[in-house]
Amino acid sequence: QLLSNKANEMYSMNLLCTLFLHYPLVTLQPHLKSIFMLLLQRLQMKQTPRYVKLITHGFAFFVGKFGSDAFFQILEQIQPGVAMSLLGGVWGPRLKSDVPTKVHAKVQLVGLTKLTCATPALVATPEGQKVWGALVSGAIGILVAQGGKISVASGDDEDHTEIEVEFDSAYSRLRFATRPVIDPFVEVNDPAMAFLRGLEALCASQPGRLTAVIRESIGGEPEKANAFGAMLTTAGINLA
């Protein structure tokens, strides 16, 4: 019901992420196919930049909590190939056009680390490698935008949405009240290093093959490529 209008779609995603945060996968499993179908139907009906931002955040949250295998399994139950279409046609382009910041940057990077570094099947085909390269490029873009350091601090909750409702004074005070920032991945102390180490391990498993994909994916952005190279040098990481 919350997804039915633009004014409430943000709250639907907040509610969904809260469920992902507090309930185990086994409890949510019977409902996930229906939930994902509703999210995708809304995306198909009205693919606004705002909703793309919300749904990619929600999916990154899900992958960060439950892993990429669960993500792919649910989407493939809905329709074979829909996961790759979503990654290549929606998620990857969003990361390029609208780079996440603050707590959203951490959620995305944690989710993207599991997608790009713990999903060998994603790089098994030329099509998959192209999608993988776009996601890696997006993750690198997040790191570059954040100066190589992802942190979640008080006041960092990102909310740049336009709410189309009529305000009374009481609602206005409630709506714009300061909300405490919750780090949903507090166990990941250094998401930047986790991504770089994960990338190092994956590239080492296929020497030369994946580094070529990375070079191609960021080759047209010299500033990003140079910044990424500097990060690798600082971290003492050499991608095989």
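For the purposes of classing residues, Ala, Val, Leu, Ile, Met, Phe, Trp, Tyr, Cys and Pro are taken as nonpolar, Asp, Glu, Lys and Arg as charged, and the others, Gly among them, as polar. On this basis, in what is a predicted model, the lining of the second largest pocket comprises eight nonpolar, nine polar and five charged residues. The volume of this second largest pocket is about 450 Å³, and of the 22 residues that line the pocket, those closest to its centre are Lys96, Gly133, Ala134, Ser137 and Ser217. Two or more lining residues are given by each of the helices α5 (82–97), α7 (126–145) and α10 (209–218), and the largest share, ten residues, is supplied by α7.

A second feature examined was the packing of helix α3, which spans residues 49–66, on helix α4, which spans residues 68–78; the two helices pack at an angle of about 125°, and their axes are 7 Å apart. Because angles over 145 degrees count as roughly antiparallel and those from 65 to 115 as roughly perpendicular, the arrangement of α3 relative to α4 is classed as oblique. On the α3 side the contact is formed by Phe59, Phe62, Val63 and Phe66, which meet Ser68, Ala70, Phe71 and Ile74 of α4. By class, the residues of this contact divide into seven nonpolar and one polar, with no charged residue.

Among the residues of this contact, Val63, found in helix α3, was considered individually. Val63 has a relative accessible area of 0% and is therefore buried, the cut-off for that class being under 20%. When residues up to four places away in sequence are not counted, Val63 touches Ser68 and Phe71 as well as Gly111, Lys114 and Leu115; Ser68 and Phe71 also belong to the α4 side of the helix contact described above, whereas Gly111, Lys114 and Leu115 fall within the residue range 102–117 of helix α6. The C-alpha atom of Val63 is separated by 8.2 Å from that of Val110, although the two residues are 47 residues apart along the chain.

Helix α6, made up of residues 102–117, also includes Lys102, whose backbone conformation deserves mention. Most residues other than glycine have a negative phi. In Lys102, by contrast, phi is near 55°, a positive value in a residue other than glycine. With a relative accessibility of 34%, Lys102 counts as partly exposed, since this class lies between the buried limit of 20% and the exposed limit of 50%.

Note on methods
Residues are numbered from 1 along each chain as its sequence is written. This is a predicted model: local features need pLDDT of at least 70, side-chain atom pairs count only at pLDDT 80 or more; totals for chains, interfaces and linings use all residues. Side-chain values use heavy atoms; hydrogens and water are left out. Axes are lines fitted to C-alpha atoms, for helices over the stretch in contact, and angles run from 0 to 180 degrees between N-to-C directions. Helices (H or I, at least four residues) and strands (E, at least two) are DSSP runs, numbered from the N terminus. Angles under 35 degrees count as roughly parallel, over 145 as roughly antiparallel, 65 to 115 as roughly perpendicular and the rest as oblique. Contact means heavy atoms within 4.5 Å. On a 1 Å grid over the protein atoms alone, a cavity is a set of points where a 1.4 Å probe fits but cannot get out, and a pocket is an open set with protein on both sides within 12 Å along at least five of seven lines; lining residues have an atom within 4 Å of a point. Grid points are joined across faces, edges and corners, and a volume is the space filled by probe spheres set on the points. Buried means under 20% relative accessible area, exposed over 50%, partly exposed in between (1.4 Å probe, protein chains only).
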